[in-house]
Amino acid sequence: MFEEYTNGNLPNLKEMKAKNYDNIDASQEPDVHGIAVLTSGGDAPGMNATIRAIIRAGINSGYKMMGVTRGYHGLWKGEIKELGSRDVSETLQRGGTFLMTARSKSFETPEGVLQGAKMCQVFGVDCMVVVGGDGSFRGARDLARIGIPVIGIPGTIDNDVACTEYTIGFDTAMNTAMEAIDKLRDTASSHERCSVIEVMGRHAGYIALNVGIATGAEIILLPEQPWDINEVVRTILACRNKGKRHYIVIVAEGAGSATEIAKQIEEATEIESRPTILGHLQRGGSPTLRDRTMASLMGVHAIECIKNKKMNRLVVYKNGEITDVDIEEGLSLQKTISMEDLERSKLLT
Ligand code: F6P
């Protein structure tokens, strides 16, 4: 049935109806009665607070509210249930996402998107709110293109969504990493060692850059900026010549391997070097005040968009305000990290 769409061209609902694939009337803007929320991609502290805000603001605005478990994977399988205000009690301060999340490959195909749209129809989901990063928003955009209205809320520890200056979870992840690095500094200092710490960020160095500055790292390595091990070694030796006896190197996951870098530093300098990979602990924990308030206000903003019939929007934080942008436009932007801040960090060592 979906074979003709496997070339990647998604039909719209009008076209589907014309072909008798569905009984969807896509000729007019749908009236929204039922709204569902799903979390997708890597989890982030504050996702629960976001779900809570969407559910409560939705119920208080008169909508029937639903939750989809396991992201797009769950949508595809029809894992959708109604949620009431009490179902989101005690979630504001909890890390992770109680709706659970997944990185769904099945949803990247036209068949997957169509199946998701059908499930929305079956369960009376007139608008889908997606909490996640760029990949999750591409899934939402595909749903929007075939006539299911969507709203996206940025939730990822990486802060790498171009159209927004802030993503839910970033502050908590940075603070978690900072606390861990402070502890590693204590032991590096006691043993006069070099501590090479790998933080999350496969494609984006926002966590690395910010925690590097906040922990006084001697060296910060980002995926966005080519680097050279000889330069790293030269910087450490220069610090030693100035009397320094312990060193912190922060490397973003996508910029290199802490294990490999520590080995190379030790070989070149004879300074004992230890790698630490902070890994998924950066994704857990109770959200900070900033993440709780951002999550709560962005969740309410999503419902305000729906009330005002502003569909297919991404909720964003820009110039100190929570606002929204068109999903196609938002996804077309490229985010660039501040190389000036990286240069400034070098004046602090
Ligand atoms: O969610 C973002 C992120 O934590 C990245 O920083 C990291 O590269 C990736 O997810 C890890 O993904 P996974 O949990 O699937 O290994």
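Which elements make a right-handed β-α-β unit? In this predicted model, the answer is S4, H5 and S5. Let's use that unit as our way in, and walk outward from there.

Start with strand S4, which covers residues 127-132. Is S4 buried or exposed? Here 6 of the 6 residues are buried, so the strand is largely enclosed by the rest of the structure. In a regular strand, side chains alternate between the two faces of the sheet. You can check each face of S4 in turn: Cys127, Val129 and Val131 sit on one side, while Met128, Val130 and Gly132 sit on the other, and both sides are covered.

Now look at what S4 pairs with. Strand S1, residues 34-39, pairs with S4 in the parallel sense over 5 bridges. If you want a spot to zoom in on, find Ile35, which stands opposite Cys127 in S4. S4 also pairs with strand S5 (residues 150-154), again in the parallel sense and over 5 bridges. For that pairing, pick Val129, whose bridge partner in S5 is Ile151.

Stay on Ile151 for a moment, as it leads us to another strand. In S10, the bridge partner of Ile151 is Arg313. S5 and S10 pair in the parallel sense over 2 bridges. Strand S10 takes in residues 313-318, and 5 of its 6 residues are buried, leaving the strand mostly covered.

What does S10 form with S11? The two strands form a hairpin, with 2 residues between them. S10 and S11 (residues 321-326) run antiparallel and are joined by 6 bridges. Across this pairing, Tyr317 stands opposite Ile322 in S11. In the turn you'll find Asn319, which has a positive phi of about 50°.

Asn319 isn't alone in having a positive phi. Met100 has one of about 65°, although Met100 is not a glycine. You'll find Met100 in the loop between strand S3 (80-82) and H4. At 34% relative accessibility, Met100 counts as partly exposed. Glu192, another residue that is not a glycine, has a positive phi of about 55°. Its place is the loop between helix H6 (170-191) and S6, and Glu192 is partly exposed too, with a relative accessible area of 45%.

On the other side of S6 comes another loop, between strand S6 (194-199) and helix H7 (206-214), and this one holds Gly201. Why does Gly201 count as buried? Its relative accessibility is 1%, and buried means under 20%. Gly201 and Ala252 are 51 residues apart along the chain, yet their C-alpha atoms are separated by 5.5 Å.

Finally, let's turn to empty space. Rolling a probe the size of a water molecule over the atoms shows where such space is left. The largest pocket here has a volume of about 1200 Å³. It is lined by 48 residues, and the closest to its centre are Arg103, Gly133, Asp134, Gly135 and Arg138. Helix H4 (110-123), helix H5 (134-145) and helix H11 (327-332) are the elements that give two or more residues to this lining. The largest share, 7 residues, comes from H5, the helix of our opening β-α-β unit. By type, the lining divides into 14 nonpolar, 19 polar and 15 charged residues.

Where does the largest pocket lie? Domain 1 (2-168 + 287-332) and domain 2 (171-283) both give residues to its lining, so the pocket lies between them.

Note on methods: Residues numbered from 1 in each chain as written. Predicted model: local features only at pLDDT ≥ 70, side-chain atom pairs only at ≥ 80, totals over all residues. Heavy atoms only, no water. 1 Å grid on protein atoms, 1.4 Å probe; cavity = no way out; pocket = protein on both sides within 12 Å on 5 of 7 lines; lining within 4 Å. Points joined across faces, edges and corners; volume = space filled by probe spheres on them. Helix = DSSP H or I, 4+ residues; strand = E, 2+ residues; numbered from the N terminus. Nonpolar A, V, L, I, M, F, W, Y, C, P; charged D, E, K, R; others polar. Domains from an automatic or database assignment. Buried < 20%, exposed > 50% of the residue type's maximum accessible area, 1.4 Å probe, protein only. Pairing = 2+ DSSP bridges. Right-handed = clockwise from strand over helix to strand, strands pointing away.
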